[in-house]
Amino acid sequence: MDAKPKEINEFTEKALQIVWDNGEESIFFYEELREICPCATCRRLRKKSRTGKLPFKKRIPLGKSSLAPERIEYVGNYAIRFIGENWCETGFYTFDFLRKTSVPGG
Ligand SMILES: [Zn+2]
């Protein structure tokens, strides 16, 4: 059985905490989550980019605006997405993807 979020909490203004239903906890920095946005557009941008990273610093006035999303929505029972001006509504962060992204114990 794959773990699902039991709780999704604002950890700091820069990071999100997920408490999984198996008792584990993960911390995700919004900046890192934004960087790995799984939507088709961001995937294409990363592929084209020389560094393999999103050129999002060009598009987002970092420092002026926080990356913290306005809200987080569930997508079915398999993913979440972030709603806010710097986020992609079609970027579905599946629980599986988030589990693989998180650093154990971190
Ligand atoms: Zn995206």
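Hi everyone, this is a short walk through one predicted protein model, from its strands to its core.

Two notes on conventions before we start. Residues are numbered from 1 along each chain as its sequence is written. Since the model is predicted, local features need pLDDT of at least 70 and side-chain atom pairs count only at pLDDT 80 or more, while totals for chains, interfaces and linings use all residues.

Let's begin with the overall layout. The protein has four helices and six strands; these are DSSP runs numbered from the N terminus, with helices being H or I of at least four residues and strands being E of at least two. Reading from the N terminus, the order is β-β-β-α-α-α-β-β-β-α. Of the 106 residues, 16% are buried, and buried here is defined as 20 or more other C-beta atoms within 10 Å of the residue's own, with exposed at 12 or fewer, partly exposed in between, and C-beta atoms placed from the backbone. Contacts are pairs of residues whose C-beta atoms, placed from the backbone, lie within 7 Å. Among contacts between residues at least 6 apart in sequence, 33% join residues at least 24 apart.

Now to the sheets. Strands of a sheet pair through backbone hydrogen bonds, either parallel or antiparallel. For pairing, DSSP has to find at least two bridges between two strands.

One open sheet has three strands in the order β1-β2-β3, and its pairing is antiparallel. Its edge strands are β1 (5-12) and β3 (25-29), each pairing on one side only. From one strand to the next, the twist averages 20°, an angle between N-to-C directions on a scale from 0 to 180 degrees, with axes fitted as lines to C-alpha atoms, for helices over the stretch in contact.

How many bridges join β1 and β2? There are six, in the antiparallel sense, and the two strands form a hairpin with two residues between them. Pro 5 has Trp 20 of β2 as its bridge partner. On the other side, β2 (residues 15-20) pairs with β3 over five bridges, again antiparallel. Here Gln 17 stands opposite Ile 27, and Ile 18 stands opposite Ser 26. The hairpin of β2 and β3 has four residues between the strands, and Gly 23 takes a positive phi near 95° there.

β3 also shows a neat alternation: Ser 26 and Phe 28 point to one face and are buried, whereas Glu 25, Ile 27 and Phe 29 point to the other and are not.

The other open sheet is β4-β5-β6, with antiparallel pairing of its three strands. β4 (71-75) and β6 (93-94) are the edges, each paired on one side only. β5 (residues 79-83) and β6 run antiparallel and are joined by two bridges, with Ala 79 partnered to Thr 94 in β6.

On to the core. In soluble globular proteins, nonpolar side chains tend to be buried together. A nonpolar core, as used here, is a set of buried Ala, Val, Leu, Ile, Met, Phe, Trp, Tyr and Cys residues joined through C-beta atoms within 7 Å. Which residues make up the largest nonpolar core? Nine of them: Leu 16, Ile 18, Phe 28, Tyr 30, Leu 33, Leu 67, Ile 80, Tyr 93 and Leu 98. β2 and α1 (30-35) each supply at least two residues of this core.

Let me pick out two core members, starting with Leu 67. Leu 67 is in the loop between α3 (56-59) and β4, and counts as buried because 22 C-beta neighbours lie inside 10 Å. Leaving out residues up to four places away in sequence, Leu 67 touches Tyr 30, Glu 31, Arg 34 and Asn 86. Leu 67 and Tyr 30 are 37 residues apart in sequence, and 6.1 Å apart in space, C-alpha to C-alpha. Tyr 30 itself has further contacts beyond four places in sequence, including Lys 14, Ala 15 and Leu 16.

Finally, Leu 98, which sits in helix α4 (residues 95-101). Why does Leu 98 count as buried? Because Leu 98 has 20 C-beta neighbours inside 10 Å. Not counting residues up to four places away in sequence, Leu 98 touches Ile 18, Ser 26 and Tyr 93. Leu 98 and Ala 79, 19 residues apart in sequence, are 8.8 Å apart from C-alpha to C-alpha.

Thanks for listening!

Definitions and conventions:
Contact = placed C-beta atoms within 7 Å.
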